[in-house]
Amino acid sequence: MQRHPENPISIEMSRRQILKTAALIVSFGTGAIQSEGDAQIALAVPSDAASGSAPAAKPVDPGLVDSFLAMHPDGSVTIYTGKVDIGTGLRIAIRQMAAEELGLSTDRIALVEGDTALTPDQGSTGGSTGLTRGGLEVRKAAATARDVLLRLAAQRLQIPVEQLALVNGRIGRAEGSESKTNTRVPSKDIPVSELLSDSARVDLKVDFHANLKHHLALQVIGRPIPRPDIPAKCTGGERYVQDLTLPNMLHARVIRPASIEAKLLAVDETPLRGIPGARVVRVENFLAVTAKDEWAAIRASRALKATWSDAATLPGSQDLEKHVREMPIAAEETIVERGDSAAGIRGATKQMAATYFWPCQSHGSLGPSCAVADVRDGGATIWTSSQGTHHMRVSFSKIFGLDVDKVRVIYLDGAGSYGGNGNDDAAADAVLISKTVGQPVRVQWMRHDEHGWDPKGPQQLIDLRAGVDRYGRIVAWETEMWVPAMLGPTGTIPLLAPAEAGIAQPSGQWPGMIAQNGDPPYLMQHLKAVAHRTQTTPLRPSHLRAPGKVANTFAVECFTDELAADAGTDPVTYRELGLSDFRAIDVLRRAASMIGWKNRPSPNPSAKRDGLLIGRGIAYTHYKQSENYIATAMEVAVDPASGKITVQRVTCAHDCGLVVNPDSLQNQIEGSILQTISRTLHEEVKFDRSRVTSVDWAGYPILRFPEAPIVTVALIDRPEMPMLGAGEASCAPVAAALGNAVFDATGVRLRAVPFTPDKVKAALDKAAREKASPA
Amino acid sequence: MAAYKFQVNGRAVTVESWDPAQPLLYVLRNTLNLHAAKFGCGLAQCGACTVLVDGEATRSCVTTIKQVAGRAVVTPEGLGTPEKPDPIQAAFIAEQAAQCGYCTSGMIMSVKGLLEKESRPTTDQIKAALAGNLCRCGTYVRILRAVQRVVREG
């Protein structure tokens, strides 16, 4: 492990330093506890401090309490979690979950995240598992620790364990209560440190059936405690990976091929003369420049003359929908099949069909990806904002031939990533360059690198067919989607640097759980949803927030709206008729009521107002058909002259079971709504036969400040229900609600995103022509 | 190497640069160790690098070191600290107006630039002043509330 004490950012603490900093770390031992009643707790004095021998390794086995938490003699606690806070508020929420079980306030809990040397592997941070897995495992470890401490105290004090409470690092009789919920501890109490012995450390296993606090007793969970990272973020003090500097570090810029899969034919270094310290790093088709000075590296990357072979492997984004329909299929997948959908549609009173299309989109991180790597002695230290540091440690070790025991990956904040953006690629770039030049290297992608080369949220093509009865009710439904296949080991997103450098790596394709929510959530007799899994996809895919679910919900919920409109039924009523779950009906009614929903069919008979067309729409999602219940309603104004859509108001009713931190959750929901409005109105990755052509914010515009609507969120807290992940689910119904609102305003159905003014204008004009001269 | 004199957060500095075209952003971040201003695009399209130059919100990624010679630069570090935030920073903290926080520094400096000119901006003026600052996490609604809070609390 390399140490750089002169580094102003002390994020390089080795295990040794961490253990020394905390002079005493309580270790929960169980050799003894397995024989119940004979519990002992080891006071883990770092062995190097005691004997000068090798540093005591902090355990990271996710089965052990010690891996998740350390209790200090003053009663404060350090939590170690493999999940990372990518701006989503995990730092406060996980603290709250631990604090609840440990009887501590959150400000007495420190948190270490995503450092492979110090934290257990809790899986990558994705799919909204930060709390449902990350937080819950920490909570169970905390509850296990608390129960052990209470049992020890019960023996010492000769008081039944049921009457004891752990509060602020001390244990005593819970005053006026038999439960552990009382915060007042009588004077005859003992500090946790007194329960510790200095006997040899043995490891206590996490009790995954640990006794979690009853929901009626919750005191810390459910409170809107401010996030601890926000003061530093608002005063310029938060340290991002982009801000990390190491001694002897080189700045690097990568020059990606002129075309996807192009070969590097020649490099002319002459233009680098006069740029201080600029050097070229070339490994086969991998090309980069380094310099001590960052601006010199940038100038060098622009000046360098590289000659690339021609490559034209892409279909172009122009007629992508048509291309996708003809792509080779790797696998046919039946998502759901109930009854006989074909016969059901055939026999229905009326048949309807529509095709929806979602384009390829970028994560669009505001800060391009960045990483710092120091490769030496067969190992490496990598600083990254990757959402999967533990995964990176193992996969990079294999790819770059490093000793996994000497590889440490440390998470640092970056710009929001919303899934698999360029972070892992930037880290691979940094490792390859550092390995080649033998110095620590910082790779900062430029804007065109991020927009051009981040793995993309893939396009989705969705055909829908339905048969309805004479009342317009759905009898049968078919969904047929074209989405990229999942190929290779789970989570495999081949990296750019090894591919360019000719280094072997696992091949595969992993767009995330992209087929979910392609089936409607409504009761019907016949239902079939299938996915044609395409063998390839034009641009390398990865998971982009709420993978697939935004597009699938867009298709399903807009088509449902089409059926409701055809039946002449109010869209909320139409949906309610197909729902039986009270949580579903609850969110639907609340979102509608908050926006002042009037019961009437779409389109809006009195849409015209001040030269604009006003409409409202709603959409409902049962996320992944098993998680959050969400309904989103919105009001839009469409300017028929320009085609410009303005989202004026949005309401969202959100039920994710137990709410850990309502303000932090609301922040996520507001962000999900705005980000998805952006994806719906503006975003499409453009590419020609050779390369992505939308490589900056002009070519790939996102929602701007003046476009922000008024957002009202209703959090339906159900503390008695299991907690569900909420970092992305509220993205899902947004595009559909927006499309439905535009239909309500204009009578025109938009079935392909983005709803740019020119496309909206063209659709309005076409509809007007058809109305004037019906075919 | 040429030397450039200017003020940063009220302090006179002299900075050497091998290239008069070097953007102020890199001088702040790498020479002066002031990391609040962020690299987002290098094209003046996103606002993450916004600082004040002579009181004016300015994109430091396209402002050269030569251009700032003799002028006064203010970065978020010059406003306040977590313990003693300035009123704009305090309002952002009170409204929890950040997620990843990568745009936050630039947002705050654009607000500072706005309030230097117009102490009681309307909602539309606030939105217009921040139209060049992108937030990918979608925290615009919270940022708006934060700015309205500053205006309200004067």
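**Exercise 1. How many residues does the contact take from chain B and how many from chain A?**

*Solution.* The model is predicted, local features need pLDDT of at least 70, side-chain atom pairs count only at pLDDT 80 or more, and totals for chains, interfaces and linings use all residues. Residues are numbered from 1 along each chain as its sequence is written, chains are lettered from A in the order in which they are written, and side-chain values use heavy atoms, with hydrogens and water left out.

Step 1. Contact means heavy atoms within 4.5 Å. On this criterion, chain A contributes 66 residues and chain B contributes 54.

Step 2. The two chains bury about 4900 Å² between them, with 58% of it on carbon and sulfur atoms. Buried area is the accessible area (1.4 Å probe) that two parts lose on being put together, summed over both.

Step 3. Of the area that chain B buries against chain A, 19% comes from Trp18(B), Gln99(B) and Arg136(B), more than from any other three residues.

**Exercise 2. State how many salt bridges cross the interface of chain B and chain A, and place the pair Arg108(A) and Asp74(A).**

*Solution.* Step 1. A salt bridge is a side-chain nitrogen of Lys or Arg within 4 Å of a carboxyl oxygen of Asp or Glu. Seven are found across the interface of chain B and chain A, and the count over all chains is 59.

Step 2. Glu670(A) and Arg145(B) form a salt bridge through their side chains (3.3 Å, N to O).

Step 3. Within chain A, Arg108(A) is joined to Asp74(A) at 3.8 Å, N to O. Arg108(A) lies in the loop between α4 and β5 (109–113), and Asp74(A) in the loop between β3 (69–71) and β4 (77–81), so this pair ties together parts 34 residues apart in sequence. Helices (H or I, at least four residues) and strands (E, at least two) are DSSP runs, numbered from the N terminus.

**Exercise 3. Describe the packing of α4(A) with α5(A) and of α4(B) with α6(B).**

*Solution.* Step 1. In chain A, the axes of α4 (residues 90–102) and α5 (residues 130–157) come within 8 Å and cross at roughly 25 degrees. This makes α4(A) roughly parallel to α5(A), a class that covers angles under 35 degrees.

Step 2. In chain B, α4 (residues 104–117) and α6 (residues 140–153) pack at about 35 degrees, with axes 12 Å apart. Met107(B), Val111(B) and Leu115(B) of α4(B) make the contact with α6(B) residues Tyr140(B), Ile143(B), Val147(B), Val150(B) and Val151(B).

Key. Axes fitted to C-alpha atoms, helices over the stretch in contact; angles between N-to-C directions. Parallel < 35°, antiparallel > 145°, perpendicular 65-115°, else oblique.
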